[in-house]
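Good morning, colleagues. Please look at the sequence and the model on the screen while I take you through three parts of it.

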Amino acid sequence: QKAELTKIKYCVDPKWAPYEAIHNKKHEGISKEYLDIISQKSPLTFQLVPTTDWHQTLEFVKTNKCHFISMLNQSPERDHFLTFSDVYFHAPNALYAHYDQPMIGNLSSITTQSIAVVLDYRLYHYLKKNFPHINVIAVNNELEGLEKVEAKEIDYYVGSYYSANKIIQDASFSKLRIVGIAELEDKLRIGVNKHSEFLLPHLNQAISKISEQDHQTVFDYFKTTNFVHKTDYTLVLGLACFFSAIFIILYVGYSRSVRFSRALASKNKKLKALHAQLDAKNKQLAELAIRDPLTMLYNRSHLAEMINQQIKLKDRYNKRSCLIMIDIDDFKQINDTLGHKVGDDILKNLSNVLIKCARNSDIVARWGGEEFVLLCPETDIDKAILLAKRFQQALQEMKSEACPNVTCSIGISELHTKDSADEWFISADNAMYQAKAQGKNSISTLGNTNKVST
Ligand SMILES: Nc1nc2c(ncn2[C@@H]2O[C@H](COP(=O)(O)OP(=O)(O)OP(=O)(O)O)[C@@H](O)[C@H]2O)c(=O)[nH]1
């Protein structure tokens, strides 16, 4: 007998906070507090059989899967399968409507309007029986009823004052208000199935021992406890917003920098090309600065620089080098008879012949007018004479109808130690004048003149 009093299986309404609810398969709410008190004041201990909704709860108690339901109203329908304990908790029922509806006071004021009530709640049967003219609409739970009233799909909702208020607060319904009190008060009891009536004396005895202090303790408990377990998404949402913002900022920054980099790369490419062009132009300019514009041979200033350089090399390494001074014979006459244009062509052709005859290391320059100078490094006087002769020979081969025979007087001077640039140059110039004086078309080394045979 005593074993039958322990681990008594019971069911609750899993969605009726704050009266009772199941969270993580655990019973919580007002009925849980009262069952704890009843357990303390009796030999009974209890074990929850979790259910998913009120209908299953009723089903389980009818099929003896649980011995009792912890908290419910007595009704004639329920009397068929339950035996009720004494009342241990009183709660009013209220009428809720959209806030633009007038106060109606009580159920008697409702005529043609619709009213929502949870199916199988005692109120449902009560309304059907006592207010047959009212359009009673059954809803599956309190939340659904209140939602439909706020959406104005149904005119009123009637239900437990405590639980409806809790839902309104937790679901943040802002358009609902109490417009009356239902005359039917909730008198909540334990409903024991017909197979478990042996429990009733123990239950009632314990209920009779519940003191005012006990009731106050339970009331204080449900006043301060939140039975609706909602996930707080504020932090998650905040973090999501924060990281989204960071992502957007980074993405925008990245896109900008990619665009900027591309623009920069394209600008750099153009700049590089411009630099290359500029370099080429500068080289061209630098080259032009040392070239004679007509013949493109080196000009007088570059030759002067090269002569100085050669003198330094002589001082340092005693290198032998020669200057060959070339002056076209009777060029004035050529100009006068054939014209300035032919004169220019002769100057250009002669320059090409000079370049062909000279070595790459030689400096071929136009001194001015019809005068040319060859600076020949690493060349002694004999080699310079050979070069001059080779040139004169090539000059003869250049002769054509358009370009008549052109001869040159050539003076050669080898660089001597302690010679200045001027002395060396004058020496070559003097040799050239000596060649002129001795009949032109000849090579002179000052004191030694070779007549070219024609
Ligand atoms: N076509 C052309 N003629 C030039 C150029 N520079 C100088 N001349 C001419 O070259 C001629 C040089 O004449 P001269 O100094 O009398 O010398 P030359 O007639 O060669 O007589 P010799 O030196 O005694 O053989 C002048 O008529 C100048 O006008 C040039 O760039 N082009």
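By a polar contact I shall mean a pair of N or O atoms within 3.5 Å. Please keep in mind that this is a predicted model.

I begin with the ligand. An oxygen atom of the ligand lies 2.7 Å from a polar backbone atom of Asp-330, and this pair is a polar contact because its distance is within 3.5 Å. Two side chains also supply polar atoms: that of Lys-436 has one 2.8 Å from a ligand oxygen, and that of Asp-327 has one at 3.4 Å from a ligand oxygen. There are 16 residues around the ligand, and Asp-330, Phe-331, Asn-335, Asp-344 and Arg-366 come nearest.

I turn next to helix 10, residues 300-317. Its 18 residues reach 25 Å from the first C-alpha to the last, close to the 26 Å expected at 1.5 Å a residue. Which of its residues are buried? They are His-302, Leu-303, Met-306, Ile-307, Gln-310, Ile-311 and Lys-314. In an α-helix, residues three or four places apart point the same way, because there are 3.6 residues a turn. The buried residues of helix 10 pack against strands 13, 14 and 15 and against helix 14. Just after the helix, Asn-318 adopts a positive phi of about 55 degrees.

Finally, I come to strands 9 and 10. Strand 9, residues 114-118, runs parallel to strand 10, residues 135-139, and five bridges join the two. Ser-114, for example, has Asn-135 as its bridge partner in strand 10. With helix 4, residues 122-130, these strands make a right-handed β-α-β unit.

Thank you for your attention.

Terms used:
Residues numbered from 1 in each chain as written. Predicted model: local features only at pLDDT ≥ 70, side-chain atom pairs only at ≥ 80, totals over all residues. Heavy atoms only, no water. Pairing = 2+ DSSP bridges. Helix = DSSP H or I, 4+ residues; strand = E, 2+ residues; numbered from the N terminus. Right-handed = clockwise from strand over helix to strand, strands pointing away. Expected span 1.5 Å × (residues − 1). Buried < 20%, exposed > 50% of the residue type's maximum accessible area, 1.4 Å probe, protein only. Contact = heavy atoms within 4.5 Å. Near = heavy atom within 4 Å. Polar contact = N/O pair within 3.5 Å; in protein donor to acceptor, adjacent residues only side chain to side chain.
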